[in-house]
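Hi,

Here is the structure I promised to pass on. Have a look at it first, and then read on for what turned up.

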Amino acid sequence: MTIKLKFLGAARSVTGSRYSIESHSVKLLVDCGLYQERELRSRNWGPFPVPPHTLDALLLTHAHLDHCGLLPKLVREGFRGKVYCTTATSDIAEIMLLDSAKLQQEDAEFKRKRHEQEGKRDPFPEVPLYTVEDVEASLPLFSPVHYGESFQLGNGIKATLFDAGHVLGSAMIMLTVNEGGMERTILFSGDVGRWNAPMLRDPTLFAEADYVVVESTYGDRLHESFADISDRLAQEINLTLRAGGNIVVPSFALERAQEVLYYLNKLTMQRRIPQMKVFLDSPMAVSINKIFERHPELYDQEMTRLVHANKSPFDLPGLKVSYALDESKIISNLTSGAMIIAGSGMCTGGRIKHHLVTNISRPESTILFVGYQAVGTLGRQIVDGAKTVRILGQYYPVRARIAQIHGFSAHADRDELLRWLSGLKKAPKHVFVTHGESEVAESFGNFLRKKTGWDISIPDYLEEVELD
Ligand SMILES: [Zn+2]
């Protein structure tokens, strides 16, 4: 038996997840992610390492853009197979991809105008990577499947999706390949979620697999516990309300915004915070809330209990959601007693910028960060203690309280990754550590080797291995 596995992304890096699998009869792609690291973004523009028309199917682990964000380009360049994923992933991917296309079209236009003014040229064309039309052409290919139900992908190869507990609808993928009377299983971790996380179920454990491809985003560190999040959130809110300011929360639209609402709901029910005005000023987060409400079968027990008590997990008494931009401007006039949740999560764009403008120079307000802030972003400058920041072309002194809650991660940490792998009762033939910065992947690989004695490697970009 020969199965070829090729690492087309997320190899010694954290974005651009793409793996191709080739058996004697079938050629598959697992994930088709966008590269988001600045120095790797040029890979988005190159031709696919595998000609798209030669692929029989694509399997998606989840709807984050670093796992599905290059699908419209794959389709534009000739892919015609089915896209298998859970229903929730397919629903969320539609929103994420349309938003991504819109942003790319806006960016391209902005770049074109700037280059015209400055007489500059860019190494990449001033056209969007893909358009809304490309996304619309991709949507009919989605073929949703249920967790735990295996489906045939061609002669001798089948797949099954299992709950990864990372974001709503996220999956781990088990491929079973049969050739010449031999059977091999290949397990893709996707992004591994966390145990006892709010809303979602725990990651699925597997008793056996011949080959494992495991992520390692946080393979070199340990997270704060979830119990601390409620305390910290209540503390920040009460402090700010007493001071007479607003709490401004930059948040990702998928999962983080819903998690914050979930905690607010719980804290309000427990009377640990007063009823207050909460604004979700993110049309995309509002759309994703609706997808959560459509999929109660994916909630964990605690979320199910909360929903029984409250109808919707996001049914906060003071919650207002806003779609239109002028509603967003009205919120900006509120001086006290409000929590404003808006995107983008790292303050690189979107409506959060307007709310920062009105609050960042007020000592009575709090800017509360609940997500990772990458180097080079406005969010990172603020958490790093910048005294003055530039927002929408103007400079503002930073006088608001700056706070950060770290425990919100949707990714397993080092010990949780080990916990997931420890489900395996027999040593796999080989473990491939991917989806982590080079040093982090190495560090996790060494840790795992020491703990298990297993055969482990950290593949390079475009490395191909033969599985026997
Ligand atoms: Zn993810």
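**Cysteines first**

The disulfide count comes to zero, if a disulfide needs two cysteine sulfur atoms within 2.5 Å. Do keep in mind that this is a predicted model. In case the term is new to you, a disulfide is a covalent bond between the sulfur atoms of two cysteines. Take Cys68: the closest cysteine sulfur is in Cys85, and at 8.5 Å that is too far for a bond. Seen from the other end, Cys85 is in no disulfide either, as the sulfur of Cys68 is its nearest and lies 8.5 Å away. Are these two cysteines buried or exposed? Cys68 has a relative accessible area of 0%, so it is buried. Cys85 is buried too, with a relative accessible area of 0%.

**The zinc site**

Now zoom in on the zinc ion. Which protein atoms are its donors? They are NE2 of His62, ND1 of His64, NE2 of His166 and an OD atom of Asp191, at 2.2 to 2.3 Å from the ion. Along the sequence, the donor residues follow the spacing H-x1-H-x101-H-x24-D. His62 and His166 link distant parts of the chain, being 104 residues apart. His62 sits in the loop between β4 (57-59) and α1 (65-68), while His166 sits in the loop between β8 (157-163) and β9 (171-179). His62 has a relative accessibility of 1%, so it counts as buried. His166 also comes out at 1%, so it counts as buried as well.

What about the geometry? For comparison, the ideal angle for four tetrahedral donors is 109.5 degrees. Here the four donor atoms subtend angles of 92 to 167° around the zinc ion, so the arrangement is irregular. To count as tetrahedral, all angles would have to lie between 85 and 135 degrees.

**Strands and how they pair**

There is an open sheet of six strands, and its order is β14-β13-β15-β12-β16-β19, with parallel pairing. Which strands are at the edges? Those are β14 (319-321) and β19 (401-404), each of which pairs on one side only. On average, neighbouring strands in this sheet are turned by 20° against each other, ignoring direction. For one pair inside it, look at β12 (residues 247-250) and β15 (residues 338-342): they run parallel and are joined by four bridges. Ile247 stands opposite Met339 of β15 there.

Next, find β5 (residues 82-86). Four of its five residues are buried, so the strand is largely enclosed by the rest of the structure. Strand β5 is joined to β4 by three bridges, and the two run parallel. Leu59 has Tyr84 in β5 as its bridge partner. Four bridges also join β5 to β6 (residues 142-145), again running parallel, and Thr86 stands opposite Val145 in β6.

For an antiparallel example, try β7 (residues 151-154) and β8, which are joined by three bridges. Gln152 stands opposite Lys158 of β8. These strands form a hairpin with two residues between them, and Gly156 takes a positive phi near 75° in it.

**A helix to check with a ruler**

Helix α7 (residues 283-294) is a nice one for practice. How far should its 12 residues span? At 1.5 Å a residue they should cover 16 Å, and the end C-alpha atoms are 17 Å apart, so the two agree. Among the residues of α7, Met284, Ala285, Val286, Ile288, Asn289, Ile291 and Phe292 are buried.

**Two glutamates and some distances**

Glu106 belongs to helix α3 (residues 87-118). With a relative accessible area of 47%, Glu106 is partly exposed. Glu106 and Pro128 are 22 residues apart in sequence, and their C-alpha atoms are 8.1 Å apart in space.

Glu126 is in the loop between α3 and α4 (132-138). Its relative accessibility is 26%, so Glu126 counts as partly exposed. Between the C-alpha atoms of Glu126 and Gly219 the separation is 37 Å, with their positions 93 residues apart along the chain.

Cheers

Notes: Residues are numbered from 1 along each chain as its sequence is written. This is a predicted model: local features need pLDDT of at least 70, side-chain atom pairs count only at pLDDT 80 or more; totals for chains, interfaces and linings use all residues. Side-chain values use heavy atoms; hydrogens and water are left out. The expected span of a helix is 1.5 Å times one less than its number of residues. Buried means under 20% relative accessible area, exposed over 50%, partly exposed in between (1.4 Å probe, protein chains only). Donors are N, O and S atoms within 2.8 Å of the metal (3.2 Å for Na, K and Ca); water is not among the atoms, so sites may look incomplete. Four donors count as tetrahedral if all angles lie between 85 and 135 degrees; four count as square planar and six as octahedral if opposite donors are over 155 degrees apart and all others between 65 and 115; anything else is irregular. Two strands pair if DSSP finds at least two bridges between them. Axes are lines fitted to C-alpha atoms, for helices over the stretch in contact, and angles run from 0 to 180 degrees between N-to-C directions.
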